Amino acid sequence: MNKQPLLEKLQLGPIELNNRVVMAPMTRSRANNSEKAPFDIHEEYYRQRASAGLIISEGSQISTKAVGYINTPGIHTAAQVEGWKKVTQAVHEEGGKIFIQLWHVGRMSHPDFHGGELPHAPSAINPHSKSFTPQGFKETVTPKEMTIEEIKHTILDYQNAAKNAMEAGFDGVEIHSSNGYLLHQFFNKTSNIRKNEYGGSIENRAKILFEVIDAIKEVMPEDRIGVRLNPSLHGIFGMIMDEETIPTFDYIIEKLNDYNLAYLHLSEPFNDVSDIPHAVTQIAHRYRPVYKGTMIINASFDQEKGSQYILEGLADAVAYGKPFISNPDLVERFAENAPLAEWDTNTFYTPGEKGFTDYPKLSVSKSI
Ligand SMILES: Cc1cc2nc3c(=O)[nH]c(=O)nc-3n(C[C@H](O)[C@H](O)[C@H](O)COP(=O)(O)O)c2cc1C
């Protein structure tokens with residue numbers, strides 16, 4: 001019998017992945033220490049999932065200004081680098097590969113995280129969403145429009161975070177430019193009404209992403225940089241699509257061909273956007289012919305649909321999120337066509353081991 005397409009090896013720039021099952025980046029809010037550094041349970045959590053062809057870490061803030069949720073880890077201090085070193089070592093010991101997701105939430109934050117100061121964003125537009133603060137969920141506020149100097153400084157924060165990621169032993173970095181966070185806020189006209197070089201035209205709204213890539217590739221190989229985009233995001237994380245949203249993503253994705261990136265990671269729509277004007281309902285179908293490099297696809301895939309997308313050439317690898325929370329051995333389960341365990345949404349973001357490192361592997365489940 002032929003090997004399942006998901007279990008075939010994949011060359012990702014200089015890195016060989018053991019299979020095409022990618023663990024999607026997932027915030028788990030377990031860094032409940034003053035350093036906001038990963039510690040023992042992170043090491044254990046990622047080690048348990050190291051049979052993924054590639055792990056993309058939870059979103060990790062590039063600076064103190066980048067934070068928007070409690071207990072998320074960072075990659076901007078020495079203590080955080082030390083914490084991540086243990087994680088990367090554990091994953092490598094198990095034969096796995098791991099990229100870190102570099103994150104800046106922009107306006108999806110709250111003054112409580114910034115000593116009372118406003119969160120930064122392309123424009124002073126409230127996303128009318130919620131921020132998960134130390135005092136529980138709070139309404140977001142109208143953020144501060146970033147000055148050009150603050151934008152340039154933030155680009156350097158991405159560069160510094162990438163440098164730290166290399167020191168921490170990551171195989172690469174993923175630039176989080178999706179899901180309504182800072183870079184995505186620059187792309188959309190409804191969140192970016194700037195009149196200067198970072199606003200107005202499609203090229204200007206996309207510009208920051210390319211400046212971030214250019215800055216990062218000064219400190220690490222270009223073929224170890226991934227980019228995540230979620231073009232048809234509407235009605236969640238404060239994002240609203242308009243007639244220029246998809247043309248903006250068309251432009252970005254075409255231009256990413258000028259780079260020799262590790263991969264482009266795309267999300268299919270998170271919700272039903274079939275009635276939303278200007279949305280695209282089938283992202284892989286639209287962008288596979290456009291993007292010439294390695295493409296990862298995500299959102300609501302199961303084993304069968306993932307195999308099908310790879311067989312049809314719609315993607316090179318498939319990222320699974322929630323299934324990896326409750327199935328640390330997702331790859332082994334796919335290999336054996338075994339049933340999957342259900343995830344518990346109540347423990348997605350709660351501190352400690354429960355719902356984090358206590359989901360059993362199949363061999364353990366079988367013997368119970
Ligand atoms: C608990 C949780 C945390 C998440 N955190 C992140 C994150 O930090 N960065 C990111 O890009 N996406 C994040 N996502 C989105 C996932 O990467 C993925 O796109 C989503 O879960 C859909 O894939 P799935 O249907 O396979 O779960 C998160 C999703 C969940 C469920």
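1. Start at a strand pairing. In this predicted model, Gln 101 stands opposite Glu 174 of strand S10. One place along in S5, Leu 102 has Ile 175 of S10 opposite. S5 and S10 are parallel and share 4 bridges. S5 covers residues 98–103, and S10 covers residues 172–176.

2. On its other pairing, S5 meets strand S4, residues 54–61. These two strands run parallel as well, with 5 bridges between them. Gln 61 sits opposite Trp 103 of S5. The link from strand to strand involves helix H2, residues 78–93. S4, H2 and S5 together form a right-handed β-α-β unit.

3. Now the wider sheet. Eight strands close into a barrel, listed as S3-S4-S5-S10-S11-S12-S13-S14, and the pairing is parallel. Neighbouring strands are turned by 25 degrees against each other on average, with direction ignored. Helix H6 packs on this sheet. H6 touches strand S11 (225–229) and strand S12 (263–267). The direction of H6 makes about 165 degrees with that of S11.

4. How many residues of S5 are buried? The count is 6 of 6, and the strand is mostly covered. Ile 98, Ile 100 and Leu 102 point one way. Phe 99, Gln 101 and Trp 103 point the other way. Both sets are buried.

5. S10 is also mostly covered, with 5 of its 5 residues buried. Gly 172, Glu 174 and His 176 point to one side of the strand, and Val 173 and Ile 175 to the other. Both groups are buried here too. Beyond S5, S10 pairs with S11, in the parallel sense and over 4 bridges. Within that pairing, Val 173 has Ile 225 of S11 as its bridge partner.

6. Next, a helix pair. Packed helices in general are described by the angle between their axes and the distance between those axes. For H5 (residues 202–216) and H6 (residues 245–256), the angle is about 35 degrees and the axes are 10 Å apart. The crossing of H5 past H6 is right-handed.

7. Which residues make the contact between H5 and H6? H5 supplies Ile 202, Glu 203, Arg 205, Ala 206, Leu 209, Phe 210 and Ile 213. H6 supplies Pro 247, Thr 248, Tyr 251, Ile 252, Lys 255 and Leu 256. By class, the contact has 9 nonpolar, 1 polar and 3 charged residues.

8. Arg 205 of that contact also belongs to the surroundings of Asn 192. Asn 192 lies in the loop between helix H4 (182–187) and H5. Is Asn 192 buried or exposed? Its relative accessibility is 2%, so Asn 192 counts as buried. Leaving aside neighbours within four places in sequence, Asn 192 contacts Pro 122, Ser 123, Gln 185, Phe 186, Tyr 198, Gly 199 and Arg 205. Asn 192 and Arg 205 are 13 residues apart in sequence, with a C-alpha to C-alpha distance of 7.5 Å.

9. A second loop residue is worth a look. His 114 is in the loop between S5 and strand S6 (120–121). Why does His 114 count as buried? Its relative accessible area is 10%, and the cut-off for buried is under 20%. Not counting residues up to four places away in sequence, His 114 touches Thr 64, Lys 65, Val 67, Ser 109 and Pro 119.

How values were computed: Residues numbered from 1 in each chain as written. Predicted model: local features only at pLDDT ≥ 70, side-chain atom pairs only at ≥ 80, totals over all residues. Heavy atoms only, no water. Axes fitted to C-alpha atoms, helices over the stretch in contact; angles between N-to-C directions. Left-handed = near helix turned anticlockwise from the far one by under 90°. Contact = heavy atoms within 4.5 Å. Nonpolar A, V, L, I, M, F, W, Y, C, P; charged D, E, K, R; others polar. Buried < 20%, exposed > 50% of the residue type's maximum accessible area, 1.4 Å probe, protein only. Pairing = 2+ DSSP bridges. Right-handed = clockwise from strand over helix to strand, strands pointing away.
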